[in-house]
Amino acid sequence: MRESLATLTSGHLLAGRIREYFPGVMVSILVALAAQFVAEHYGAPAMLMALLFGIALNFLGAEGPTAPGIALSARTVLRIGVAILGARISVEMLLSLGLGMIGLLVAGTVCTIFFGLALAKLIGQRTRFAVLTAGAVAICGASAAMAIAAVLPRDERSERDLLFTVLGVTVLSTVAMILYPILTRAMGFDDVTAGAFIGATVHDVAQVVGAGFSISETAGETSTLVKLIRVSFLAPVVVVIALLAQRSGGAVTEGKRPPIIPGFVLGFLVLAGLNSFDLIPPMLGAFLAKLSSWALLAAIAAVGMKTDLRNIIKVGGGAIALIVAETLFLAALALTGLRFIELAP
């Protein structure tokens, strides 16, 4: 009898949770679908469209029946999307590039983050904001921004900073998608080198693919491979940031001490390990890649709906200068490094 009552109570609680979160989650998914439709039919970046549509529907995330589900999408769905990214990474991908290119990518990631921290201190920007923007620029754009934001101590400016960073790296990625192929031609790069430069510098995966394949098939394949190697740096960087955030004594919103390695980072590493040993069937891998893209798209739409655009404007010119400078620094570093590396055709 007691077991029946307990089961019935659990069922009611679950049903209540579903009713609470369902409207907001569905709104986030619908915004993601609209953004993807515009991206496929008009060539606009899907992530940027989801962000802008979300901002336009900001009132839905403030209060009412959709608010809890939108908050869930901006937090939990985001972490699920980042974790599933691991299914696209393998050790074989790393080895295929050669030690020189891997060294350049590691140097680009580390140096860009330290450059961002140093410049932020010089121009009066906060350390948390510098870590967020530099990590997004150095690794994989909007996906990295959302993963890093998930482990940074939260305050009243956290959502504003995240939204600005996602908007900034998406816009800069779109500009780079147009300008970098022109730059590589002007510098006389062959297709492999051009693809390596684009993969090492453009922030978001979609724009990397667009820029690389606009040059040639070879450049497109190389740029995508290099970019996915940068994505693989997400897990170790997030772990390091999480450890440093704990050591600094920063408090999280919920008042709980976060785990040493966040659960979504563990998920990323587990999937990357399984993929390295070919334990993920190709069909399942393709499904997980799609699922990750949709989860991140819905999450960034939810982040947009949770944030007031007026708060974004308050970040000021210093924040814009910081993220632009980090982007230019990474490009200059990659251009310099590629002159000393022999890439396999």
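How many helices and how many strands are there in the protein? There are 17 helices and zero strands. Before I continue, please note that this is a predicted model. The protein has 345 residues, and buried residues make up 50% of them. Of the contacts with a separation of 6 or more, 81% are accounted for by residues 24 or more positions apart.

I shall begin with a pair of helices. Two packed helices are described by the angle between their axes and the distance between the axes. For helix H9, residues 158-186, and helix H17, residues 316-338, the axes come within 11 Å and cross at roughly 35°. The crossing in which H9 passes H17 is right-handed. On the H9 side, the contact is made by Phe164, Thr165, Gly168, Val169, Leu172, Tyr180 and Leu183. On the H17 side, the residues are Ala319, Ile320, Ile323, Val324, Thr327, Ala331 and Leu335. Sorted by class, this contact has 11 nonpolar residues, three polar ones and no charged ones.

The next element is helix H10, residues 191-201. Here 10 of the 11 residues are buried, so H10 is largely enclosed by the rest of the structure. The buried residues are Val192, Thr193, Ala194, Gly195, Ala196, Phe197, Ile198, Gly199, Ala200 and Thr201. What do the buried residues of H10 pack against? Their partners are helix H6 (99-123), H9, helix H11 (205-213), helix H12 (217-232) and H17. The two helices of the crossing I described are thus included among these partners. At the start of H10, the backbone nitrogen of Val192 has a side-chain oxygen of Asp190 within 3.0 Å.

From H10 I turn to one residue of H11, namely Gly212. Gly212 has a relative accessibility of 0% and therefore counts as buried. Its C-alpha atom is separated by 7.9 Å from that of Gly199, and the two residues are 13 apart along the chain. Leaving aside residues up to four places away in sequence, Gly212 touches Ile198, Ala219, Gly220 and Ser223.

My last topic is the aromatic side chains. The count comes to four aromatic pairs. One of them joins Phe115 and Phe329, with 4.3 Å centre to centre and 5° between the planes, and this pair is stacked. Phe115 lies in helix H6 and Phe329 in helix H17, so the pair ties together parts that are 214 residues apart in sequence. Are these two rings buried, exposed or partly exposed? Phe115, at 25% relative accessibility, counts as partly exposed. Phe329 also counts as partly exposed, at 24%.

Another pair is formed by Tyr180 and Phe197. Their ring centres are 5.2 Å apart and their planes stand at 50°, so this pair is tilted. The pair links distant parts of the chain, with Tyr180 in helix H9 and Phe197 in helix H10, 17 residues apart. Both Tyr180 and Phe197 are buried. Together with Phe189, these two residues form one aromatic cluster.

To close, let me return to Tyr180, where several of these topics meet. Tyr180 takes part in the contact of H9 with H17, and Tyr180 also belongs to the cluster with Phe189 and Phe197. Phe197, in turn, is among the buried residues of H10.

Key:
Residues numbered from 1 in each chain as written. Predicted model: local features only at pLDDT ≥ 70, side-chain atom pairs only at ≥ 80, totals over all residues. Heavy atoms only, no water. Axes fitted to C-alpha atoms, helices over the stretch in contact; angles between N-to-C directions. Helix = DSSP H or I, 4+ residues; strand = E, 2+ residues; numbered from the N terminus. Left-handed = near helix turned anticlockwise from the far one by under 90°. Contact = heavy atoms within 4.5 Å. Nonpolar A, V, L, I, M, F, W, Y, C, P; charged D, E, K, R; others polar. Buried < 20%, exposed > 50% of the residue type's maximum accessible area, 1.4 Å probe, protein only. Polar contact = N/O pair within 3.5 Å; in protein donor to acceptor, adjacent residues only side chain to side chain. Phe/Tyr/Trp six-rings, centres within 6.5 Å; stacked < 30°, edge-to-face > 60°.
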